[in-house]
Amino acid sequence: MLLAVLGLLAAFQKPQRPTLYLIGDSTVRNTNAPQMGWGSKLASFFDTTRLAVVNRAMAGRSTRTFISEKRWAKVDSMLKPGDFVIMQFGHNEGSAPDTTKAGRRGVLKGTGEEIKQLTWPDGHAETVHTYGYYLRKFVRETKAKGATPIIASMIPRNEWKDGKVQRASNDYGKWAAEVAQQEGIAFIDLNGITADKYDKLGPEEVKKFFPGDHTHTNEAGAQVNAASVVDGIKANKKIQLNKYLAKR
């Protein structure tokens with residue numbers, strides 16, 4: 001009798017909403033007002049009665065430190081089948097990897113299997129890998145949980161040359177796309193989509209999105225970049241997030 005009642009309750013239990021997790025750096029989540037990351041605006045594009053959006057990005061983190069600080073382990077522990085992870089890194093990876101304050105975030109360039117061995121002042125060893133290696137770790141561990149990984153290239157900085165915003169198509173944007181292709185997963189060319197918008201707006205208008213530096217947007221810029229993420233989702237009908245977009 002008890003089993004029958006429990007079975008009946010389970011049948012009427014509302015299915016748990018899938019969750020979209022965002023991981024990345026301050027361009028995804030930024031609490032230093034008036035700066036704002038695009039992850040703070042993304043939920044408004046979705047029907048959040050059917051999909052939860054959780055922004056786990058953290059300012060100042062690279063792929064390497066997001067893992068070494070156990071931030072990825074926390075997200076991974078919460079993943080369940082049917083969830084999604086959008087990852088966007090690249091802004092904090094550029095320093096030569098070492099144990100200095102600047103170098104602790106750095107990764108090896110590219111997508112290969114090269115490594116660099118480090119010994120920290122306290123004696124513990126660390127093996128540093130390439131940008132692509134760390135992205136693959138996120139991707140494969142997301143898949144292992146029955147969730148869907150999606151790689152997004154980094155948003156452009158407010159840097160211009162010959163009237164065009166500079167793109168990441170020869171480094172981190174390129175490598176992000178390569179890993180997505182190698183792993184057979186969806187790629188959102190956030191760098192290219194947003195750069196196209198910036199080019200149309202021009203340097204003077206885009207400058208209004210960046211209060212204080214060339215990397216961090218304000219709320220208006222975050223809105224533009226969040227819309228670019230959604231543009232990338234809509235452009236690929238195979239991305240199952242499409243079915244959770246809010247009707248507008």
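Two strands pair if DSSP finds at least two bridges between them. Helices (H or I, at least four residues) and strands (E, at least two) are DSSP runs, numbered from the N terminus. This is a predicted model, where local features need pLDDT of at least 70, side-chain atom pairs count only at pLDDT 80 or more, and totals for chains, interfaces and linings use all residues. Residues are numbered from 1 along each chain as its sequence is written, and side-chain values use heavy atoms, with hydrogens and water left out.

**Exercise 1. The parallel sheet**

Task: find the partners of strand 6, then place strand 6 in its sheet.

Solution.
- Step 1. Strands of a sheet pair through backbone hydrogen bonds, either parallel or antiparallel.
- Step 2. Look at strand 3 (residues 84–88): four bridges join it to strand 6, and the two run parallel. Here Ile86 stands opposite Ile150, and Val85 is opposite Pro149.
- Step 3. Now turn to strand 9 (residues 186–188), which pairs with strand 6 in the parallel sense over three bridges. Ile151 has Phe187 of strand 9 as its bridge partner.
- Step 4. Put the strands in order: the open sheet has five strands, arranged 2-1-3-6-9, with parallel pairing. Strand 2 (52–55) and strand 9 stand at the edges with a single partner strand each, so one side of each has no neighbour in the sheet. On average, neighbouring strands of this sheet are turned by 20° against each other, direction ignored (axes are lines fitted to C-alpha atoms, for helices over the stretch in contact, and angles run from 0 to 180 degrees between N-to-C directions).
- Step 5. Check the surroundings of strand 6 (residues 148–152). Four of its five residues are buried, so strand 6 is largely enclosed by the rest of the structure. Buried means under 20% relative accessible area, exposed over 50%, and partly exposed in between (1.4 Å probe, protein chains only).

**Exercise 2. A hairpin**

Task: describe how strand 4 and strand 5 are joined, and follow Val128 to a residue far along the sequence.

Solution.
- Step 1. Strand 4 (residues 116–119) and strand 5 run antiparallel, joined by four bridges. Leu118 has Glu126 in strand 5 as its bridge partner.
- Step 2. Five residues lie between the strands of this hairpin, where Gly123 takes a positive phi near 100°.
- Step 3. Val128 belongs to strand 5 (residues 125–128). Its relative accessibility is 0%, so Val128 counts as buried.
- Step 4. Val128 and Arg64 are 64 residues apart in sequence, and their C-alpha atoms are 7.6 Å apart in space.

**Exercise 3. Testing a helix**

Task: compare the expected span of helix 5 with the distance between its end C-alpha atoms.

Solution.
- Step 1. The expected span of a helix is 1.5 Å times one less than its number of residues.
- Step 2. Helix 5 (residues 131–144) has 14 residues and should span 20 Å; its end C-alpha atoms are 20 Å apart, which agrees.
- Step 3. An α-helix has 3.6 residues a turn, so residues three or four places apart point the same way.
- Step 4. List the buried residues of helix 5: Tyr131, Gly132, Tyr134, Leu135, Arg136, Phe138, Val139 and Thr142. Lys143, also in helix 5, has 36% relative accessibility and so counts as partly exposed.
- Step 5. Just after helix 5, Gly146 takes a positive phi of about 80°.

**Exercise 4. Backbone details in loops**

Task: which bond joins Ala33 and Pro34, and where do Lys70 and Asp162 lie?

Solution.
- Step 1. Ala33 and Pro34 are joined by a cis peptide bond, with omega about 10°. Pro34 sits in the loop between strand 1 (19–24) and helix 2 (39–42).
- Step 2. Lys70, in the loop between helix 3 (63–68) and helix 4 (71–78), has a positive phi near 70° although it is not glycine. Lys70 is exposed, with a relative accessible area of 58%.
- Step 3. Asp162, in the loop between strand 7 (160–161) and strand 8 (164–165), has a positive phi near 55°, again in a residue other than glycine. Asp162 counts as exposed at 74% relative accessibility.
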